[in-house]
Amino acid sequence: QAAAAFRAEAWDAGWRPVALYSWDCPHTHLTDKDRGKRPIGKGWQDRARRDPPEAADAVPDGDALETGILCDGLRVLDLDIDDAPTVANVRALAVQMLGDTIVRSRDNSPRILLPYRAADGTPPKRTLAGSMGKIEVLGAGQQFAAHERHPSGALLCWTPEGPATTPLHTVPAITEAQLDAFLTEAAPLIGAEPEGDAAPGAADDGAHQSSAHGAAADPLDVIAALAVIPPDEALTWH
């Protein structure tokens, strides 16, 4: 009932829900990384693009009680960074340059996810990888887990509210030019390689990879920019 309610409410709010295998699904063909993240069945993108999406009005499968959100038309910052201060700095930079948005987190990791809308079209995934971790910008044909539990068993939490109660049109829309500028400024924060020198294999699933267009930002400029952000703002994510 909880899965069905979340999916229907998320669709009413403008998001496209996707049924994901449960984090504790017993099927032996699933890996630990599949549980809680992998969409159930073939052609899940097409089923999520229906009006309404299949998951929004179908009775949930007992083995697929987690819920994802299709990323078509979205620019979702997935901060795969395990250093909490770095995550706080990148999030503060995103708020400053792209606008404030809802935040997904979990209590057993500093990693967070920040959904934005694409100002135009359905752009593909991009990845900025550095020594401190990576920033994945999820896009067309992908999805992110939004409800219930992470594969580790940790509950997914949203601040201030999640997709079921946040109308999609209220999430900031960003252009690719804004995203380029953000990734350029974020590169030194995560120890990213200069553009054109990203480590091989940083992108996955055949998706587009970028270390941001343009020259890398001067770290002193980034520090100066962050200095004007109220000191407690960067800590509101956890």
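Hi everyone. Of the 238 residues in this protein chain, 49% count as buried. Before I go on, please keep in mind that this is a predicted model.

Let's start with the overall build. The chain has six helices and ten strands. Take the contacts between residues at least 6 apart in sequence: 76% of them join residues at least 24 apart.

Now, the inside. Which residues have the most contacts inside the largest nonpolar core? They are Leu77, Leu79, Val90, Leu128, Ile135 and Phe182, and the core as a whole has 24 residues. At least two residues come from each of β3 (74-81), α4 (84-98), β5 (109-118), β7 (133-138) and α5 (176-186). The largest share is from α4, which gives five residues. Apart from this core lies another one, made of 17 residues, and Trp15, Ile69, Leu113 and Trp158 are among them.

Let me zoom in on Phe182. If we leave aside its neighbours within four places in sequence, Phe182 is in contact with Leu77, Val90, Leu93, Ala94, Met97 and Leu98. Phe182 is also one of the buried residues of α5, together with Leu179, Asp180, Leu183, Thr184 and Ala186. And what covers the buried residues of α5? The cover includes β3, α4, β6 (126-130), β7 and β10 (173-174). While we are on helices, here is a handy piece of background: an α-helix has 3.6 residues a turn, so residues three or four places apart point the same way.

Next, a pocket. The second largest pocket holds about 170 Å³ of space. It is lined by 15 residues, and the closest to its centre are Ala19, Ile40, Arg47, Glu54 and Ala55. Three elements give two or more residues to this lining: β1 (17-20), α2 (44-48) and α3 (54-57). How many of the lining residues are nonpolar, polar or charged? Eleven are nonpolar, none are polar, and four are charged.

Two peptide bonds deserve a pause. Asp51 and Pro52 are joined by a cis peptide bond, with omega about 0 degrees. You will find Pro52 in the loop between α2 and α3. The other bond runs from Thr159 to Pro160; this peptide bond is cis too, with omega near -10 degrees. Pro160 sits in the loop between β9 (157-159) and β10.

On to the cysteines. A disulfide is a covalent bond between the sulfur atoms of two cysteines. How many disulfides does the structure hold? Zero. Let's look at two cysteines anyway. Is Cys71 buried or exposed? Cys71 counts as buried because its relative accessible area is 0%, and the cut-off for buried is under 20%. Cys157 has 34% relative accessibility, so Cys157 counts as partly exposed.

Last stop: Gly62. This glycine is in the loop between α3 and β2 (66-70). Why does Gly62 count as exposed? Its relative accessible area is 55%, and exposed means over 50%, so Gly62 passes the cut-off. Here is something to try on your screen: find Gly62 and Ser22, which are 40 residues apart in sequence. From C-alpha to C-alpha, Gly62 and Ser22 are 8.1 Å apart in space.

That's my tour. Thanks for listening!

Key: Residues are numbered from 1 along each chain as its sequence is written. This is a predicted model: local features need pLDDT of at least 70, side-chain atom pairs count only at pLDDT 80 or more; totals for chains, interfaces and linings use all residues. Side-chain values use heavy atoms; hydrogens and water are left out. Helices (H or I, at least four residues) and strands (E, at least two) are DSSP runs, numbered from the N terminus. Buried means under 20% relative accessible area, exposed over 50%, partly exposed in between (1.4 Å probe, protein chains only). On a 1 Å grid over the protein atoms alone, a cavity is a set of points where a 1.4 Å probe fits but cannot get out, and a pocket is an open set with protein on both sides within 12 Å along at least five of seven lines; lining residues have an atom within 4 Å of a point. Grid points are joined across faces, edges and corners, and a volume is the space filled by probe spheres set on the points. Ala, Val, Leu, Ile, Met, Phe, Trp, Tyr, Cys and Pro count as nonpolar, Asp, Glu, Lys and Arg as charged, and the others, Gly among them, as polar. A nonpolar core is a set of buried Ala, Val, Leu, Ile, Met, Phe, Trp, Tyr and Cys residues joined through side-chain atoms within 4.5 Å. Contact means heavy atoms within 4.5 Å. A disulfide is a pair of cysteine sulfur atoms within 2.5 Å.
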